[in-house]
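Q: I should like to learn how the features of a folded chain are read from its coordinates. May we work through one case together?

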Amino acid sequence: MRNIWTVAKREYKLFFISPVAYAVAFLFLIILGWVFFSGMVEAIAYSTYYSYAPTVQMVLSPMVTLVLFTLPAITMGSISKEQSTGTMELILTSPMRDVELVIGKWLGCFLFMLTLLAVTLVYPIALNMMIDPGIDQGLMVAGYAGLILMVSSLLAVGIAISSLFSNQIVVFVVNLATVLLIWMVRNVNSTGTSSGLGYEILKNLNLVDHYLNFYRGAISLVDVTYFVSLTALALVLGTVFVESRRWR
C-alpha cells in the first residue's frame, strides 16, 4: 500500500509541472465555462416567453463529452513515459510489484481528475444561486457520482493502453479511438432495433448508456457494478501488460 501511495503522489505532483496537464485543464474549464455561459443566456431568453428553469444537466451534459476527449491526454504519458525515458527497467528491478505500479499510476491520474471535477462545482453552485428555488441536489449528486465512476473506468483503460506502447502519441491515438468506439456502440444501441445475444452484449457493454441513468438522477447497483468491474478489469490487464515486459 505504501508503494501505491508513493507512486500516486509522484504522479499527482507531476501533473502540476506538466504543460500538457495545464493545457488540458485550461481548455476543459474554458470550454465548460463558455457552454455554461451560453446556456444561461439561452435560458434567460426562453424564460421571457416560457416557464423554463435550467437544471444541473446543462453542466453535466457538456462535461461528459469533455471528459471523453480529455482522459486520453491525461493518461497518454503515465506508463509509456517510463518506457520512453528508460526508467521502466529500473522500476521492474525494484521491490515494487507491477500491480502497485499500475494502481499507483491510475490513482495519481484519478486524484488529478477529481481535483479538476471539484473545480467545476463552481458552475452548479452558481446555478443554484441564480435560480429559485435552486437546483435538484439529488440530481447533481447522482450526476457527479456517475461522472466520477466513468472517469475511474476510462482512466484505467487509458493506463492499460499506456502500458502497451512507449510512444505517447500512439497511446493517445489508440485511447481516443477506443473512446470513439464507445460512441459508435452507443449509436448502434440507440438507433437499432436488433435483438439477440450480440445485441445484448453490446447493450450491456455500452459505457455511455450506463452513465445516462446517473445523468437522470438514478443510482443503480447494476451501473455501479459495471463501472467498478470495468476499472478492475482494465487495471488487471494493465498489470499483465507490464508483467509481460519482464519476459522480453
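**Reading contacts, burial and helix packing**

A: Let us begin with a single residue: with neighbours within four places in sequence set aside, Phe110 is in contact with Ile148, Val151, Ser152 and Leu155. Please keep in mind throughout that the model is predicted.

Q: In which helix is Phe110 found, and is Phe110 buried or exposed?

A: Phe110 is found in helix α6. Its relative accessible area is 14%, and Phe110 is therefore buried, since the cut-off for that class is under 20%.

Q: How is the chain as a whole to be described, before we examine further residues?

A: One starts with the secondary structure and then turns to burial and surface. The protein chain comprises twelve helices and zero strands, so that its elements, read from the N terminus, run α-α-α-α-α-α-α-α-α-α-α-α. Of its 248 residues, 45% count as buried. The chain exposes about 12,900 Å², and carbon and sulfur atoms supply 70% of that area.

Q: What share of the contacts joins residues at least 24 apart in sequence?

A: The share is 79%, taken among contacts between residues at least 6 apart in sequence.

Q: How does one read the packing of two helices?

A: Two packed helices are described by the angle between their axes and by the distance between the axes. In this structure, helix α3 (residues 57–75) and helix α6 (residues 98–119) serve as the case: their axes come within 12 Å and cross at roughly 145 degrees. The crossing of α3 past α6 is right-handed.

Q: Which residues of α3 and α6 meet, and how do they divide by chemical character?

A: On the α3 side the residues are Met63, Leu71, Ile74 and Thr75, and they meet Cys109, Phe112, Met113 and Leu117 of α6. The residues of this contact divide into seven nonpolar, one polar and no charged.

Q: How many salt bridges does the structure hold, and how should each be read?

A: The structure holds two salt bridges. For each, one reads the N to O distance, the location of the partners and their burial. In one of them, the side chains of Glu11 and Lys105 meet at 3.0 Å, N to O. This pair links distant parts of the chain, with Glu11 in helix α1, Lys105 in helix α6, and their positions 94 residues apart.

Q: Are Glu11 and Lys105 buried or exposed?

A: Glu11 has 4% relative accessibility and so counts as buried. Lys105 likewise counts as buried, because its relative accessibility is 1%.

Q: What surrounds Glu11 in the fold?

A: Glu11 lies in helix α1, which spans residues 2–15. Apart from neighbours within four places in sequence, Glu11 is in contact with Ser78, Lys105, Gly108 and Cys109. Cys109 also belongs to the α6 side of the contact with α3.

Q: How far apart are Phe110, with which we began, and Glu11?

A: They are 99 residues apart in sequence, while their C-alpha atoms are 10.0 Å apart in space.

Q: What, then, is the reading for the salt bridge of Arg97?

A: Arg97 forms its salt bridge with Glu100, and the closest N and O atoms are 3.7 Å apart. Here the partners fall into separate classes of burial. Arg97, at 54% relative accessibility, counts as exposed, whereas Glu100, at 7%, counts as buried.

Key
Residues are numbered from 1 along each chain as its sequence is written. This is a predicted model: local features need pLDDT of at least 70, side-chain atom pairs count only at pLDDT 80 or more; totals for chains, interfaces and linings use all residues. Side-chain values use heavy atoms; hydrogens and water are left out. Axes are lines fitted to C-alpha atoms, for helices over the stretch in contact, and angles run from 0 to 180 degrees between N-to-C directions. Helices (H or I, at least four residues) and strands (E, at least two) are DSSP runs, numbered from the N terminus. A crossing is left-handed if the near helix is turned anticlockwise from the far one by less than a right angle, and right-handed if clockwise. Contact means heavy atoms within 4.5 Å. Ala, Val, Leu, Ile, Met, Phe, Trp, Tyr, Cys and Pro count as nonpolar, Asp, Glu, Lys and Arg as charged, and the others, Gly among them, as polar. Buried means under 20% relative accessible area, exposed over 50%, partly exposed in between (1.4 Å probe, protein chains only). Accessible areas come from the Shrake-Rupley method with a 1.4 Å probe; for residues, only the protein chains shown count as cover. A salt bridge is a side-chain nitrogen of Lys or Arg within 4 Å of a carboxyl oxygen of Asp or Glu.
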